[in-house]
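Here's a quick tour of one protein chain, starting with its main pocket and working outward to the salt bridges and the fold. Keep the 3D view open as you read.

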Amino acid sequence: MKKILLTIPPDAEYSAALERCGRYRIDRVEKTSADWTTGDSTDAGILFCDHPPSDFAKMNSLGFIQLGSVGYTQLQGLG
């Protein structure tokens with residue numbers, strides 16, 4: 001089961017459909033600033049966020065990132 005880590009509020013209907021299909025586990029992180037950590041979700045394969053976590057370099061299973069912005073500068077120098 002692939003883990004999805006979200007900090008961006010998802011569409012409730014879409015999120016529920018992903019969980020029902022049984023192929024994904026969705027973890028949500030409530031963050032209040034750009035400085036946040038993944039907690040127990042460093043093994044997430046998919047990341048949806050505005051800013052990557054401060055422990056981004058530990059995310060060894062990551063295969064896909066969707067930033068809330070259109071830029072990529074948030075990822076420069078993170079590992």
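## The largest pocket

First, a reminder that this is a predicted model. Its largest pocket comes out at a volume of about 200 Å³. Four elements each give two or more residues to the lining: β1 (2–6), α1 (12–20), β2 (24–28) and β3 (46–49). The largest share, three residues, comes from α1.

If you want to pick the lining out on screen, select I4, L6, I8, P9, P10, Y14, S15, L18, Y24, I26, I46 and F48. What sort of residues are these, nonpolar, polar or charged? The split is 11 nonpolar, one polar and no charged.

## Salt bridges

Searching the whole structure turns up four salt bridges. One of them pairs the side chains of K3 and D27, at 3.5 Å from N to O. K3 sits in strand β1 and D27 in strand β2, so this contact ties together parts that are 24 residues apart in sequence. Are the two partners buried or exposed? Both K3 and D27 are buried.

D27 has another partner as well: its side chain meets that of R25 in a salt bridge, with N to O at 3.1 Å. The two ends of that contact sit in different accessibility classes: D27 counts as buried because its relative accessibility is 12%, while R25, at 42%, counts as partly exposed. Put together with D43, these residues make a network: K3, R25, D27 and D43 are linked by salt bridges.

Then there's the pair E19 and R28, whose closest N and O atoms are 3.6 Å apart. E19 has 38% relative accessibility, so it counts as partly exposed. R28 lands in the partly exposed class too, because its value is 43%.

## Fold and strand pairing

Stepping back, the protein chain has one helix and four strands. Read from the N terminus, the order is β-α-β-β-β. Of the 79 residues in the chain, 30% are buried.

How do β1 and β3 run relative to each other, parallel or antiparallel? They run parallel, and three bridges join them. To find the register, look for L5, which stands opposite L47 in β3.

On to the next pairing: β3 also goes with strand β4 (residues 64–67), again in the parallel sense, over four bridges. Here F48 has Q66 of β4 as its bridge partner. F48 is also among the residues that line the largest pocket. As a general point, side chains in a regular strand alternate between the two faces of the sheet.

## How far to trust it

Where does the confidence stand? The protein chain averages a pLDDT of 85, and 89% of the residues score at least 70. Among the elements, β1 has the highest mean, 92, and α1 the lowest, 86. That same helix gives the largest share of the pocket lining.

One caution applies to any model of this kind: where pLDDT is low, the predicted coordinates should not be read in detail.

Methods:
Residues numbered from 1 in each chain as written. Predicted model: local features only at pLDDT ≥ 70, side-chain atom pairs only at ≥ 80, totals over all residues. Heavy atoms only, no water. 1 Å grid on protein atoms, 1.4 Å probe; cavity = no way out; pocket = protein on both sides within 12 Å on 5 of 7 lines; lining within 4 Å. Points joined across faces, edges and corners; volume = space filled by probe spheres on them. Nonpolar A, V, L, I, M, F, W, Y, C, P; charged D, E, K, R; others polar. Buried < 20%, exposed > 50% of the residue type's maximum accessible area, 1.4 Å probe, protein only. pLDDT = per-residue confidence, 0-100. Pairing = 2+ DSSP bridges.
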